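Q: Please take a close look at one helix pair in this model and at the nonpolar packing around it. A connected account would be preferred to a list.

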Amino acid sequence: MEIRNARQSDAPSVALIHRECLESSFLASLGENFLALLYAALAGYQGGILIVAEGEGEIIGFVSGTENPRDFFRVFLKKNLFPAFFLLLPKLFCPRVLSKIGETLRYGNRDSSAKVPDAELLSIAVKPAFQGTGVSREL
């Protein structure tokens with residue numbers, strides 16, 4: 001097993017693992033293509049942390065975080081507003097999803113009552129076939 005910093009080209013594999021392993025999470029409900037866009041942005045963001053575990057020639061797990069959640073989401077929207085909008089368009093007709101998107105966009109705004117941490121662990125997941133083998137501990 002190799003642990004390494006992710007490349008933007010790893011984003012589709014990371015998105016697939018996220019969707020499969022964290023299927024009940026809000027981000028997974030936004031779709032695999034949106035997740036790939038998000039993780040590619042995170043891999044390219046200076047304060048982003050996206051580390052993958054590779055085993056048997058494939059990505060088997062990942063951990064993600066950011067040194068500055070507020071800035072990451074601001075930069076993500078600035079650089080990816082139109083692709084994100086088109087990927088989310090079918091989801092915008094669901095009131096629950098629309099409400100969660102609004103909540104996420106307000107996360108950490110000065111006017112928000114939410115206290116935003118300086119750094120944040122966003123997600124960690126390991127493919128089911130490799131769970132219990134120490135991958136997450138290594139990540």
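A: In this predicted model, helix H1 (residues 11-21) and helix H3 (residues 32-44) have axes that come within 8 Å and cross at roughly 125°. Angles over 145 degrees would count as roughly antiparallel and 65 to 115 as roughly perpendicular; H1 and H3 are therefore oblique to each other. Their crossing is right-handed.

On the H1 side, the contact is made by Ala 11, Pro 12, Val 14, Ala 15, Leu 16, His 18 and Arg 19. H3 contributes Glu 32, Leu 35, Ala 36, Tyr 39 and Ala 40. Sorted by class, the contact of H1 with H3 has 9 nonpolar residues, 1 polar and 2 charged.

The largest nonpolar core has 27 residues, of which Tyr 39, Leu 50, Phe 62, Phe 72 and Phe 76 touch the most other members. Two or more residues of this core come from each of H1, H3, strand S2 (48-55), strand S3 (58-66) and helix H4 (69-88). H3 gives the most, with 9 residues. In soluble globular proteins, nonpolar side chains tend to be buried together.

Phe 62 can be followed outward from there. Leaving aside neighbours within four places in sequence, Phe 62 is in contact with Val 14, Ile 17, His 18 and Tyr 39, and also with Leu 50, Ile 51 and Val 52. Further along the chain, the contacts of Phe 62 include Ser 123, Ile 124, Ala 125 and Leu 139. Val 14 and His 18 of H1 and Tyr 39 of H3 also take part in the helix contact.

A second, separate core has 7 residues, among them Ala 53, Val 63, Phe 130 and Val 135.

Definitions and conventions. Residues are numbered from 1 along each chain as its sequence is written. This is a predicted model: local features need pLDDT of at least 70, side-chain atom pairs count only at pLDDT 80 or more; totals for chains, interfaces and linings use all residues. Side-chain values use heavy atoms; hydrogens and water are left out. Axes are lines fitted to C-alpha atoms, for helices over the stretch in contact, and angles run from 0 to 180 degrees between N-to-C directions. Helices (H or I, at least four residues) and strands (E, at least two) are DSSP runs, numbered from the N terminus. Angles under 35 degrees count as roughly parallel, over 145 as roughly antiparallel, 65 to 115 as roughly perpendicular and the rest as oblique. A crossing is left-handed if the near helix is turned anticlockwise from the far one by less than a right angle, and right-handed if clockwise. Contact means heavy atoms within 4.5 Å. Ala, Val, Leu, Ile, Met, Phe, Trp, Tyr, Cys and Pro count as nonpolar, Asp, Glu, Lys and Arg as charged, and the others, Gly among them, as polar. A nonpolar core is a set of buried Ala, Val, Leu, Ile, Met, Phe, Trp, Tyr and Cys residues joined through side-chain atoms within 4.5 Å. Buried means under 20% relative accessible area, exposed over 50%, partly exposed in between (1.4 Å probe, protein chains only).
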